[in-house]
Amino acid sequence: MAVKKKSTKAKAQEKHAPASPIEGAVKSDSIGKEQGSPEVLKPTDKQGGLDKSSPAKYPTSNATMGSDPDISGDGTDVIKSDGYLEPHRSYFEQRFGRFKRWLGEIETNEGGIDKFSRGYENFGLHITNEGVRYREWAPGAKEASLVGDFNGWDVAANPMSRNEYGMWETLVPNTPSGAVAIEHGSHIKVSFVTGNGERVYRLPAWSQYVTQDLSKSPIYEAVFYNPPHKYEFKNARVVPSADLCIYEAHVGISSPEGRVATYKEFTANVLPMIKDLGYNAVQLMAVMEHAYYASFGYQVTSFFAPSSRCGEPDDLRELVDTAHAMGIAVFLDIVHSHACNNVEDGLNQFDGTDHCYFHEGGRGRHELWNSRLFNYGNHEVARFLLSNLRYWIEEFRFDGFRFDGVTSMMYKHHGIAYGFSGHYDEYFTGNTDEEAVGYLMLANYMCHRLYPGFVTIAEDVSGMPALCRAVSEGGVGFDYRLTMSVPDMWIKLLKETRDEDWDITHIAHQLTNRRYQERAITYCESHDQALVGDKTLAFWLMDREMYDNMSDSSPLTPVIERGIALHKMIRLVTCALGGEGYLTFEGNEFGHPEWLDFPREGNGSSFHYARRQFNLVHDETLRYKYLYRFERAMVHLERRHHWLSAHDQWVTLRHDSDKVLAFERGGLLWLFNFHPSNSYSDYRIGTAWAGKYTVALCTDDTYFLGHGRIDGSVEHFSTPMEWNGRPNYIQVYLPARTAVVLKHE
């Protein structure tokens, strides 16, 4: 498939919801046109609660963005390391020119990207000395008013005024005693009169807390969030490691029980396990609020609100802060590729028009996902999305973003029914949505310029050249892309090919097929492979025998023996050879059985498969502990040797008949024998390094439920004779279905 289809899609809701604009936006709908004065967009003097305004929590650059010397070039530096881009030189010049013009216009009209991307300090509800100020952008509305429990839902009580840019504003004065007139926890909406005279109700677009009461309705309600005590961060932000080991997780499923787990439970129960395993980053899915739980968080309805299913915003802050105390960076799965089609509790038809935040007509709809597509070239849409990024960084201290659906964003065809061959004309001759690419360049530039060390990861299947090159060089600016072909390779092998027919050359090629100077996060399986309709790696390997033969007291059947051996080997070779970062989805490190399926109409609203059975790995009578032990040993070995950031990767041997793969990386010599039955004595392997070698890790160790056929105390010494194109060789014993990692002393 050219682009990932979300597992489920949210139904469109036909109800009202409110909105209101701010001051000083843009008259035009596209980049490069005249824009409104930024002078009216001054931060409010806020006090207390979630909306309290404060300086940036992290140091930001004082450089003037538009005149940034880092972007003084013409965007063609990427051609220096890839001569095949030369025919597209003019494309890169034009793309970079558009980016610089857009950045310059933001500087001229908004005071710079730092100020422009702080829209969350001006839009939405904010507590000031005078009262609660509410601002919203809804250019298609003719009237607007703020309603809620505080005014008896009276549309005449708090009308909003509009400026020429479609910004609406109102002030709810404090009570005579000086108290905030809107009570913490009370419900609010914005009411619009649309262009055709219809009165509609919407959730404020910048809502920071929305809740759902399924006993009354599936529709979300906006909540005024102003707790008496806001969470105070105790720990410094973590700069992500150059050797990223990412633990992908969904808070709601992070419990063995059939229910939605909470942020607090994840903090108490899952973070310590992540630290024990050695992972240095956790990537949180489904944080941005989504009305339909079964969408896996990919049908976002409220972009500034953490999912209330799992707790309050301060509970999420505590989770991030606790991870930082453990030295774990926290990444957010950001969804800017599309928005939920819901009307009443989403952004769709926000001001009564078909567009507002989106393209109108067919261009504004994703036919497979049944969702709306942003108009990235619109000034106010760019403000909304860039401010959304800043909000999650500033208010919750996230250290990185995984951008979902980047392929869908970057191409006019969204990757639908389109197979990318890798020919450069597929990227640079008319298929590309230049406004979306420009937005991604701006987003990456902002994140890296204001937050040095911040990480951005692209979910892209197209293989666009220069996607992960710096914006200053003419790239799109991501730090990493996901190696989405690698898990597909493993699943295809397990489904279609006998073990004795595995093509070792093909495996090595797939694992090393990455663009020069563009880093990648590799993985055997993420949440995609765990979804209903597919199986986890362990379940492909062992299937129904996992129900009966994963106890130490049961026979070690051939299926279980093979499954555990290959599970370790596949994860090890992928982590060692497949990229510059490594990712796993929670539970898969210990061979989680079955699949993921969220409660929905089709399964009787069952939570049975919407959970992670961590109890399995804690049960000492079960064999899941062996896979957990191996994962821990593998990740901790990487933490000591840093092969993910090493530049010395060299594949020494790909032997298809012997099923042997050998390579050097990170000062380690990696040996894999995938043959199902053949073991080899005195097997000769070429190596660059002369001297002594000792065993650093072996999948066949009995501690990992291996057979113990490798003596870890044996030392190997090289012979100075060329072999496999290397100046030295060693001779080793390679048992069947075993991997050995040797350390050069």
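**Exercise 1. Determine how strands β23 and β24 pair, and place them in their sheet.**

Solution. Begin with the pair itself: β23 and strand β24 (residues 660-665) run antiparallel and are joined over 5 bridges, where two strands count as paired if DSSP finds at least two bridges between them, and where helices (H or I, at least four residues) and strands (E, at least two) are DSSP runs numbered from the N terminus. Next, take one bridge as a check on the register: histidine 655 has valine 660 of β24 as its bridge partner. Then widen the view to the open sheet of 6 strands, whose order is β23-β24-β25-β30-β27-β28 with antiparallel pairing. Because β23 (650-655) and β28 (716-717) each have a single partner strand, they stand at the edges, and one side of each is left without a neighbour in the sheet.

The model is a predicted one, in which local features need pLDDT of at least 70 and side-chain atom pairs count only at pLDDT 80 or more, while totals for chains, interfaces and linings use all residues. Residues are numbered from 1 along each chain as its sequence is written, and side-chain values use heavy atoms, with hydrogens and water left out.

**Exercise 2. Describe the neighbours of β18 and the directions in which its residues point.**

Solution. On the one hand, strand β14 (residues 329-334) pairs with β18 in the parallel sense over 4 bridges, and isoleucine 334 stands opposite phenylalanine 403. On the other hand, β18 pairs with strand β19 (residues 455-458), again in the parallel sense and over 4 bridges, with isoleucine 457 as the bridge partner of arginine 402. Now consider the side chains, which in a regular strand alternate between the two faces of the sheet. In β18 (residues 400-403), Gly400 and Arg402 point one way, Phe401 and Phe403 point the other way, and all are buried, that is, under 20% relative accessible area, with exposed meaning over 50% and partly exposed in between (1.4 Å probe, protein chains only).

**Exercise 3. Characterise helix α8 and its setting.**

Solution. Helix α8 (residues 434-450) has 17 residues and reaches 24 Å from its first C-alpha to its last, close to the expected 24 Å, the expected span being 1.5 Å times one less than the number of residues. At the N-terminal end, aspartate 433 acts as a cap, with a side-chain oxygen 3.2 Å from the backbone nitrogen of glutamate 435. Since 14 of the 17 residues of α8 are buried, the helix is largely enclosed by the rest of the structure. The largest nonpolar core (buried Ala, Val, Leu, Ile, Met, Phe, Trp, Tyr and Cys residues joined through side-chain atoms within 4.5 Å) has 189 residues, of which Leu284, Tyr357, Trp392 and Trp490 touch the most other members. The largest share of this core, 11 residues, comes from α8.

**Exercise 4. Why are cysteine 245 and cysteine 575 not bonded to each other?**

Solution. A disulfide is a pair of cysteine sulfur atoms within 2.5 Å, and by this rule the count comes to 0 disulfides. The sulfur of cysteine 245 is 5.5 Å from the closest cysteine sulfur, in cysteine 575, which is too far for a bond. As for their surroundings, cysteine 245 is buried, with a relative accessible area of 1%, and cysteine 575 is buried with a relative accessible area of 1%.

Definitions and conventions:
A polar contact is a pair of N or O atoms within 3.5 Å; within protein, one must be able to donate a hydrogen and the other to accept it, and residues adjacent in sequence count only if both atoms are side-chain atoms.
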